[in-house]
Structures are given as structure tokens and as C-alpha cells.
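Here are some exercises to work through with the model open beside you. Try each task on your own before you read its solution.

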Amino acid sequence: MTPRRRLQLAGVTFLALAAAAVAGPALYGVDPNALDFARAGAPPGALHPLGTDESGRDVLARLLVGARISLATGAAAMLLAVSFGTAVGAVAGLARPRLDAVLMRLTDAVLAIPTIFVVITVITFLGPSVTTLVVAIGATSWMGLARLVRGELLALRHQDFVEAAVALGDPPIPRFLRHLLPHLWPTILVNATLGMGSALLTESALSFLGLGVQPPAASWGNMLSGAQSALFTAPWLAIFPGLMILAAVVTINVLGDALRDTLHPGE
Amino acid sequence: MTMRVPTLPHGAWRRALSGALALSGILALAIVVACGGESVPHSATGKAGNGGTLRIPLINDPILDPVIAPDIGSVMVNKVLFPGLVRPDEQLRPTPDLAESWSTSADGLRITFKLRPGVKWHDGAPFSAHDVKFTFDQIIDLASGSRLRSDFAAISGVDVDDSLTVTFRLRTPFAPFLTLLGYNAGILPKHLLQGAPLTAATDFNRKHPVGTGPFMVQTVVPGTSLTLVRNPYYYGTPPRLDRIVFKVVPDLNAQVAQLRAGELDLITIEPANLASVQGAPGIEVLQVPVVQHYYVALNTTRGRFHPAEVRRALGMAINREAIIKGVLRDYADLPRGTIPVALRDYFADSIAPTPYAPDSALAMLARAGWRRGADGALRDAHGSTFDIELLVDKGNPTREQSALAVQQDLAKIGIHVSIRTMEFAALVRDRILPGNFDATLIWWTTPPDPDQYAFYHSGQDNNNVKWSNPRADSLLSLGRITLDSTQRRAIYHAFQRVEMEDPPVLVLFYPREIQAVTARLEGFPSLGIRDALRHSERFALRAK
Amino acid sequence: MAAFLLRRLGHAMLVLLVVCTVTFAIVHAAPGGPSLLADPKLSVAERAAIAERLGVDRPIPEQYARWLTRLARGDLGNSFLYETNTASTIAQRLPNTLLLAGTALLITIVVAIPLAAWCAERPGGWLDRIAGALAMGAISIPVFWLGIVCILVFAVRLGILPAGGAVGAEGGASLADRARHLVLPSLVLAAAGTAELLRYTRASARQQYARPFVRAARAKGVGERAVRWRHAMRNALIPAVTVIGLQLPRLVGGAAITETVFSWPGMGRLGIEAALARDYPLVMGITLVVSAGVLLASLLVDVAYLALDPRIRPDQS
């Protein structure tokens, strides 16, 4: 498959996921929170296409509502992390050594706090709302990109074309945008795609610790986490949210790869 | 412009190689250090009986001192290591353990215990009445870090009459006294602990506890396990098992997996885990009623929960049978008042349970001024809606699902319930203790005695719902000082009737403890695991 | 070089102080307070006595000052949860975490780098496709989920590996026994990191192959092995070192979930317990240890940069 073809395919899949998240609940029309103990743990069938969970709630309805929360959380956290990370990395990589040192020490400091404790305490402090999750995940996942961007800029700035641009007297910001940013795109894109995927995964890991999106609201993460106890008896409870996470993360990653190959056909 | 073709200098490879070597060195060191469990040498470990090792999970490292232990895991281990003066039998009645017999003075203010002669501590030192006095002096001392003080607040002093006779002086007659002695009050060795705060005795609490129980600590590997072996000095029937190993397995689903993989022998589970152990080869599922009641606490300082008729109506709008069947998978009993069915001697089964009757509930609410508007919402005369914020601690599927069921049932009569899940500590400290809540779904685990003075007598510290009923107050006060069991039963039956008329809380169910055990387990009494561990010398494992 | 290291060490100490202060503030501001006080059965007097004994009844700045003073004397205080000295509690768990994280890191490096070199050379080949698909899977599965499925398959169904713990329950602490217990958790912990390193390294190695100096080297007739390791991979290793450096804190802190699933007696799990129980001294102690470790690792990463790319001068970092 050509990169363009893969880009189209992944783009269409991603749009389909997003559309399911936006329009799915209304189209499907089943209440994702309605309890029905008489039909708890029903396998997939005519009445419930993907079965019901341990409280008799419809799994498909919860998956669709969960798609909204999970994708929105992942995308928002990723955007936050990527924009902040790129900005910090770019300033550090291009600025004078003193500012660079300050920014890198800041990055080190945030990196040095064990993320999981920060996230746990921040979430327990502010309550596990979607906004808190986005901020907590975003604020603890920008450092990697910042260091990568800075590292690449340091490597690039002795390349001849950069030295040439400096010699020609280009001011820093246009110089960054015109000559350097294009070289950073692969890193940023790979990081952004991985970042969105890992934000989805972080939410599910937090659900495992009881700190993700809180029941009764549905997210793929808390559905997956809640399904652990029924692995032997009701595997569909685990399989469907697991597949959704897998599908979403894979799609986003393929999208990133394809974008990169399309933007940099020579590599 | 010339193209630079960088090559790798030899030095870089050398450095990379030495980095790899350093990494391997750290790993090797870590293996060596991590391997060294802290083995505690002990003298003889007794002759092998019919043997075997029973493995039970804990969620973290226990504190091996019954007086200061704050968590359930520690309590379980301490029940094996530190016997009390009495222990509960299968009817939860106190029977002799370290005490052989006892007598109560006519006024009920002095209880004298004759101790069993010839008992030795795990280190071989003799056990005596001085150890009993030392233990209770610590228990009632506010500064000792004691977690048992409120159980024994009635004690005014302990006297050693002779080395095997000890007398407790009480401020008032105190009916639950014997039951509480058999609950958490394990006896500590004075010769090892005197002179320093209990909480400072780290070596004792963590590695080298010394009790009088049928098993004693052999090895402690922090974060991993605690190995108990037979106590050669044990005073009772010789233990049948060779060892009891308490393994640290923090996650319940991991415990279930380890049970199925044959790495654990006895776990307690939630209804949600039932499906994964039922029908598994070599595993049996047991159930025991335990002394707990799960309930929705309504903050009675909030006007909308008055008069009592409103609380009764809310109770009738909740379909308890559906919750017990759907959420608890029938592993619970239908409640009456706050005294659970496990307290066979005191539970009033002549009382009819609150019926599920949403229509009657609406009629009663209408009498109290709450009527349904055109939108179906319940409103008072000023048009305000009946809204409740229901707090539930997070991470427990049984309580979360019960909260959802309550929300759905109350929505049917026009009451809007919003559920808020919080961490348990935050729920208690920030909401319940300051009285800053409408409703919370919570539970009490109590000693096997009907005394609920601390929870439901007006003005008491643990009466978080601020319920106040003069008749209940006098019954609760009378019940704890009445020693005659027939009179006591009548008092608590009357208390339960009061509760049906004026519910202090909406009791949802009395859960049963679900025990998933290896089918090889024998001699395990039909008791909740904590009380059962008071009889660990009877446990045995059939040969494979 | 020595001056550079000294200056970086000084910075690291400063960062450590900031980290501690921020963590102290966050932990104390969090609602709930120590779980020891949250037992609803305590009477008012008992709760007050416990708060006084733990020192949490004092104003927060005073508590912080006390903590710092004690720290200056090398005393991390007593854990609320364990009633034991925090430093020794951590010291008991640290080797287990180092063992698990170190093994996982070793697996990551040994698998990812050679595989990336191979894949970058033959993009679209069968191994590239399989590795790409596996890597995609590994970064798309929640780690707790992978762990539970592994336990169910290898311990419950097949019964060939233990379901959890670091040693057998009956005290068998032989090397073989430890190795058996290490297999599943280290592979599960390594999975995502290996996939990530593979993807980054492969991507940057492919960029290198397209760069003129590699083409030039090939045109000059330099052998394929030499092209791969001396030219392409050597430059590709710069971002790889960064990625490895970034994985270190995650290996230690993020091992927490793996440790919980596999009942591994490590520091990550201890940290989660401590944070959930608001065991202030233990949270602070673990933060201090992990942060110091990570800062050290970041220093090593900078040193590795110097080794790999002599064009990067110490004065620029």
C-alpha cells in the first residue's frame, strides 16, 4: 500500500470512530445506564448486540458513550502535551544556554517526580473528572517530546543548512518554522500519535487503580477494568472495550506513520 | 561544501560496553540483595502432624500487635498469633481460651478470670496474669496508639490477684465485655514490650512477634509473605497444619487467579468474582453470615429527611430483594433493623421486613407534603424538588452497583439521586465526620454483640447520621448494662421494632462472607474468616 | 568534564528540593488525610490522639520544616502505615524494583536495537512487518490487562509459571525459583518500552539511511555491516538514548501497576499504597529516592550524548 492509500484508510477508520462517538449514542438510542438485573451478564444476542454487563447494562450503548469520553480525553491530553512539549523543546533548543538550562532543569524536575504519584494525588485532590484527567495526563506527558525536540535541534544546529541560515541572518522564529520544524515533524507526529494512544492507556491504567473515569459513567478503560473479574465467564465484557482501545490506538498510530511518510516521501 | 561522514570512535564502544557491564552489575547486586529474606531462627518447630501448608492472602504487610493493628490483614494474622482470654464458638458465644473459667460479681462490676496454667509464650517464657494486666493497661491508654480503647472504655482497672488470677474492675456493668475479649483483644507479652510505646516496638511488630497461639512466626519477607510454623508449646490441641503462610497479594483479581493456579488456598471474594471460582476444579465456595449491615445513611439534620415517615417511605421505595439477587447474587440476607441475622440470639425474625411498595411510599410522602409534579419530580409545597447526593466509596463494585440500584429505584418515585464516588478516607474525613453529606452508602462491621450504643445512641461519636430517638436511647443504654440474656434479647427485639417505625438508616442487606477455598481444606469452622482464624489449630489439608 | 558533572549535580540537588516541596504541598493538600484517621469507628479522642502522635495536627509549613530538619539528619521519619522507619522500608523494596526494572530494561535494549537495525535496513520485509504488528499490539494493550491475561494463560491454564510474587510461598528462594517468578512481570513490563524504542529507533535509522553521508559511504564501497553500525545506527542511537532515558522513570514508577498485578514486592506498589493511604513520610521518602534516581539517569543520558556525538559539547547542555 502506498502511504497515501494507508493515510486514506486510517483517516476513514479514525473518522468512523469519531462519528460513532459523536452520533452513535443518539442513533442507537439505548440508555447506557439502565440497570436490568434479570438480564445481567447476557451474552451477545438479538436484544443486546454485544451482550450486557454484570448489572444488565447494554455493552454496545456503553461502548458508544465510552468512545466519547475516551477519545475526547485522549485527544485533549495529547494536544496539551504536544503543544507544550514542542514549545518547551524548541525554546530550549534554540535559546541561549542559560534559558536552555533553566528549561531543561524544569523538564528534569517534572520528569523526576514519579508521575503515577502526582497523577494519583492530583486526581484525588481535584476529583476524578474528565478535565482533571486531561490536565493530569497532559501535564505529565510533555517532557519526553520537549527533550526529543531539543535534542534534535542541538544535533541540527551544526548542520550546514542551519549554519547557512544563521549566516544569512534569518531571525529565530521564521528560521525555526522554515528550516527546523520540517525536520521535527516526524518526531512530533510519532510522539503525538503515541501520546494519544498512551493517554487512552493511562486512563485505563488509572481505572485499574480506581482513579479513572468514575462509574457509572462509561469509559473504555473502566469497562475493561471492571471486566477483569468476569474473564472466565463473560469474556465479551473484556473483549469489546479491549478491541476498541486496540483499534483506536492502532488506527491513530497508522495514521501517524502514514502522515509522516506522506509528508516526507523521501525517507 | 563537503559532506562530513562521522564514524564512531573506539572510545564510545568501550564506554557503551562498560555501561552494559555496570548495568549487569547492578542487576546481579539486586538479585543478591533481593534474595536475602529475613530468616528468623527459632528453636524446635514441633513434630510434623498430618501436615501441609495453608496459604492465605493479605493486601499488605501486617502489624503484628493486636492492640495497635489498624487494618483487616493485620487483624487476621494477629488472631492466629495472639489468643485472647476467650474465643467465639460457631454460635459466636465466648468460650474459654487463655482463661479457663470466669465469674462475675453480683453487681456486675468485677469479673475475675482463672487463667489456664502452664501456658508459655512462643519464646518459652511463662504466661501469667501480669501479661493480661499489661495488655489492658495499654489498651485503655490513649497515648499507647491503641485501636481497642473504645471497646474497653468501661474498664476502670485491672488487678493481678495471683499469677493465674486476674480481676477487671468496671465502671458500669458491661454486657458485651466477654464478646469483646474474644474479638480483637489478643494478649501481649509484658516481658518483651514493657517500658516503650507499643508503636515503637518495630522489631516485635514487624519481624519477631511473640504470642501464645498455635502458630508462631518463622520468616518475614517484607512485601511478600509471612510464614508461621507450629508452636511446640501450644497449650491446646496440637495444630494439624505444619505451616500457615500469609502471602501479600494486593489485587483481588490476582488473588482469584492465584487460587485457581493453586498458589493460594483460602480467599474471601466479592459477588462479582463468584463466576470465576464456581465450578473451578478443586475449589469450593462457602458462605457465612457476618456481623455487618450495609445501609444508606441519611443525614437526619437535613430537614427533608423528617418526619420519620419520609425515611420509611424511602425505605419502601428501594427494591432490596432485587439488589440482593442482582448485585449480591443472593449472597446476602434481607434486613430488618440494624442487628444482622448473624447475631442469631438477638436478630428479631418475627419482624416483617420492609416491603417494596413504591405506591405506598408515594402516599406516605404525600402525607409529609411531597407530591409529584407534572414532570414527575417530587416537590414540596414551595416547589423544591427532592434531590439527594449519594456518596459512595470508590473501587468496590458491590457498593457502586447497589448505589446505582438505589438511584434507579428512587428515580421511579420522582427523587433525583446524584451519585458521587470518593476515596474512602476523603469520604470519611471530609464529608461524614463534619456532617457534610445528604446520604452515603456505607457499612458497619461490629463485634458479635448487639450493642450499637456507639452508632445509634444520640450524641455518640459514631452516630454520624445524628439520629435521635428517646426510646431507642433508653433501650440501647439498658441493653449494654443488662447481663441476663433473656432480658437482653427482649431489649434488642424492642430496639429493632423502634427502628422499623423510625429508621435511623436505610439498611439494604446483611452480606454473607463468600469464602473460596481449596477443596482439600478440613476443620475450618463455619465462621467469618476472622473469627475462624481463632481456631487455626483445627485446620487441616487432606493429602492431594 | 569534572566541572560539568559538578555543576549538573548542583542543579540536580536544587531540582530535588523543588520536587520535594511541590510533592509535600500536593500530598498534604489532598483531601482525606492519613487513612489511619479515616476509620469511622474511632472516637473523637482517639482520632485526636493518633493525629498528635503522627504530628499531622500541626500546621503544614511546620510539618514541612520538621521533615526538612529530620532529612538533614538523614532521617526520613516513620511510615504511618507500617510504623517502621521509612528508609528501611524503602530499602527492603528497592532491590526488587531494581531487579524487575533492570531486567525489563535489559530486555528492551537487547531486543529493540538489533531488531530496529534489521527492520530499518529491510523496510517492508517479513520481519519488519511482524515486528511492526507486534510493536503496535504491545503499545496498544493496557499493561494491567496484558499482565492478567498472561497470568491466566501461563499460570492458571498452563500452570508453567507462577501467578505472582517474587519467590515461592514456601520460602524457596533459589535462583531458578526467582528467575521463574521474574519471567512474566519483566516481559509484561518490557513490552511497551520495547515497542516504543523499536519504533523510534527504526524511524530514525531509516532517516539516516536516506541521508547523503550514508549513501556516500555506500557509494564509496563501505561494507553493509560498517554502514549499519558506524553510520546509520550510530546516529539513530542518539534519539534511542533519549527514549531509554525517558523510560527509566516510567520503569521505576510505572512498574507500580505491573507490581500490583503480579504481587511483586517492589517500591512502585509501595508508592501507590502510600499515596492512597496518605502515608506522608513514605510518599516523601519514595519521591525522594525515585527522583534522585531519575536525575542521576538523566545525567547519565547527557554523558551518553557526549560519548555518542562529540559535536555536542558539555557547555551546550
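The bend at a residue is the angle between two fitted axes, one through the seven residues ending there and one through the seven starting there. Keep that in mind for the first exercise, and remember that this is a predicted model.

**Exercise 1. A helix in chain C**

Task: Describe helix H4 of chain C by its span, its kink and its start.

Solution. Begin with the ends: H4 of chain C covers residues 86–121, which makes 36 residues. From its first C-alpha to its last, the helix reaches 51 Å, close to the 52 Å expected at 1.5 Å a residue.

Next, follow the axis. There is a kink of about 30 degrees at C:Arg93 in H4(C), and the proline C:Pro95 comes shortly after that kink.

Finally, look at the start of H4(C). There, C:Asn85 places a side-chain oxygen within 3.0 Å of the backbone nitrogen of C:Ala87.

**Exercise 2. Where chain C meets chain B**

Task: Work out how many residues take part in the contact of chain C and chain B, and which element of chain C gives the most to it.

Solution. Start with the residues: chain C brings 65 to the contact and chain B brings 64. Then take the area, about 5700 Å² buried between the two chains, with 62% of it on carbon and sulfur atoms.

Now turn to the polar side. The interface of chain C and chain B holds two salt bridges. One of the salt bridges joins the side chains of C:Asp39 and B:Arg147, at 3.8 Å from N to O. Residue pairs in polar contact, with both residues at pLDDT 80 or more, number 10 between these chains.

Last, assign the surface to elements. Those giving two or more residues to the side of chain C that touches chain B include H4, helix H7 (175–210) and helix H9 (224–253) of chain C. H4(C), the helix of the first exercise, gives the most to this side, with 10 residues.

**Exercise 3. Where chain B meets chain A**

Task: Go through the same steps for chain B and chain A, and find which three residues of chain B supply 25% of the area it buries there.

Solution. Here 22 residues of chain B are in contact with 21 residues of chain A. About 1800 Å² is buried between them, and carbon and sulfur atoms give 56% of that area. The three residues are B:Lys394, B:Leu404 and B:Gln408, which supply more of what chain B buries against chain A than any other three.

The salt-bridge count between chain B and chain A is zero, and so is the count of residue pairs in polar contact with both at pLDDT 80 or more. Among the elements of chain B giving two or more residues to this side are helix H7 (252–260) and helix H12 (397–411). H12(B) has the largest share, five residues.

**Exercise 4. Backbone exceptions in chain B**

Task: Where is the peptide bond that is cis, and which residue has a positive phi although it is not a glycine?

Solution. Recall the background: most residues other than glycine have a negative phi, and most peptide bonds are trans. The cis bond runs from B:His306 to B:Pro307, with omega near -5 degrees. B:Pro307 sits in the loop between strand E14 (292–298) and helix H9 (308–316) of chain B.

The positive phi, about 65 degrees, belongs to B:Leu92. This leucine, B:Leu92, is in the loop between strands E3 (86–88) and E4 (94–96) of chain B.

Key: Residues are numbered from 1 along each chain as its sequence is written. Chains are lettered from A and ligands numbered from 1 in the order in which they are written. This is a predicted model: local features need pLDDT of at least 70, side-chain atom pairs count only at pLDDT 80 or more; totals for chains, interfaces and linings use all residues. Side-chain values use heavy atoms; hydrogens and water are left out. Helices (H or I, at least four residues) and strands (E, at least two) are DSSP runs, numbered from the N terminus. The expected span of a helix is 1.5 Å times one less than its number of residues. A polar contact is a pair of N or O atoms within 3.5 Å; within protein, one must be able to donate a hydrogen and the other to accept it, and residues adjacent in sequence count only if both atoms are side-chain atoms. Contact means heavy atoms within 4.5 Å. Buried area is the accessible area (1.4 Å probe) that two parts lose on being put together, summed over both. A salt bridge is a side-chain nitrogen of Lys or Arg within 4 Å of a carboxyl oxygen of Asp or Glu.
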